[in-house]
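Here is a short walk through one protein chain, written for the bench. Have the sequence open next to the view and follow along.

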Amino acid sequence: QVQLVESGGGLVQAGGSLRLSCAASGSIFSINAMGWYRQAPGKQRELVATITSGGSIYYLDSVKGRFTISRDNAKNTVYLQMNSLKPEDTAVYYCYADLIERLSAFEYDYWGQGTQVTVSS
């Protein structure tokens, strides 16, 4: 089994910053990619940022220049530094990991429990 534990959400004023963390643990052979999705009330879940094991990075257009994703491969942890936050960034943020399990050698996507980010105007 694999667990993803997120931390770092909260309430912040517009223009402020937050840093999300997500640590993967358990029966992990390797992690191909980790990243963050978000879902605002009444909206579809959208991919915010992702980083591969090789360091390739993707950002949602609306967060480019404000959010930075990084990864500590030794700790199986991914971070999302969010600066210049806007009210429209308000959502539940979900961490995910595309990984290969140690015991089965199968590739799976795992998800964190979600962390609320609220940006007040």
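Is Glu46 buried, partly exposed or exposed? With a relative accessible area of 30%, Glu46 is partly exposed. Before going on, keep in mind that this is a predicted model.

## Salt bridges around Arg38 and Asp89

Let's stay with Glu46 for a moment. Its side chain meets that of Arg38 in a salt bridge, at 2.7 Å from N to O. Arg38 itself is buried, since its relative accessible area is 6% and the cut-off for buried is under 20%. Arg38 also has a second partner: the side chains of Asp89 and Arg38 form a salt bridge at 3.0 Å, N to O. That one ties together distant parts of the chain, as Asp89 is in the loop between β8 and β9 while Arg38 is in strand β4, 51 residues apart.

Now turn to Asp89, which is buried with a relative accessible area of just 1%. The side chain of Asp89 pairs with Arg66 too, in a salt bridge of 2.7 Å from N to O. Here again distant parts of the chain are linked: Arg66 comes from the loop between β6 (57-59) and β7, 23 residues away from Asp89. Arg66 counts as buried, at a relative accessible area of 10%. Put the shared partners together and you get one network of Arg38, Glu46, Arg66 and Asp89. In total, the structure has four salt bridges.

## The disulfide

How many disulfides does the structure hold? There is one, and it joins Cys22 to Cys95 with an S to S distance of 2.0 Å. The two cysteines sit in distant parts of the chain, 73 residues apart, with Cys22 in strand β3 and Cys95 in strand β9 (residues 91-101). Both Cys22 and Cys95 are buried.

What about its handedness? The torsion about the S-S bond of Cys22 and Cys95 is about -75 degrees, so this disulfide is left-handed.

## The nonpolar core

In soluble globular proteins, nonpolar side chains tend to be buried together. In this model, the largest nonpolar core has 32 residues, and Trp36, Leu80, Met82 and Tyr93 have the most contacts inside it. Plenty of strands chip in: β1 (2-7), β3, β4, β5 (46-52), β7 (67-72), β8 (77-82), β9 and β11 (115-120) each give two or more residues. Strand β9 gives the most, with five residues.

Leu80 is a handy one to click on. Beyond its neighbours within four places in sequence, Leu80 is in contact with Leu18, Arg19, Leu20, Trp36, Val48, Ala49, Phe67, Thr68, Ile69 and Tyr93. Two of the names on that list, Trp36 and Tyr93, are also among the residues with the most contacts inside the core.

## Ser27, in a loop

Where does Ser27 sit? You'll find Ser27 in the loop between β3 (18-26) and β4 (28-39). Ser27 has 12% relative accessibility, so it counts as buried.

Which residues does Ser27 touch, leaving aside its neighbours within four places in sequence? They are Gln1, Val2, Glu101, Arg102 and Leu103.

Technical notes:
Residues are numbered from 1 along each chain as its sequence is written. This is a predicted model: local features need pLDDT of at least 70, side-chain atom pairs count only at pLDDT 80 or more; totals for chains, interfaces and linings use all residues. Side-chain values use heavy atoms; hydrogens and water are left out. Helices (H or I, at least four residues) and strands (E, at least two) are DSSP runs, numbered from the N terminus. Buried means under 20% relative accessible area, exposed over 50%, partly exposed in between (1.4 Å probe, protein chains only). Contact means heavy atoms within 4.5 Å. A disulfide is a pair of cysteine sulfur atoms within 2.5 Å. A nonpolar core is a set of buried Ala, Val, Leu, Ile, Met, Phe, Trp, Tyr and Cys residues joined through side-chain atoms within 4.5 Å.
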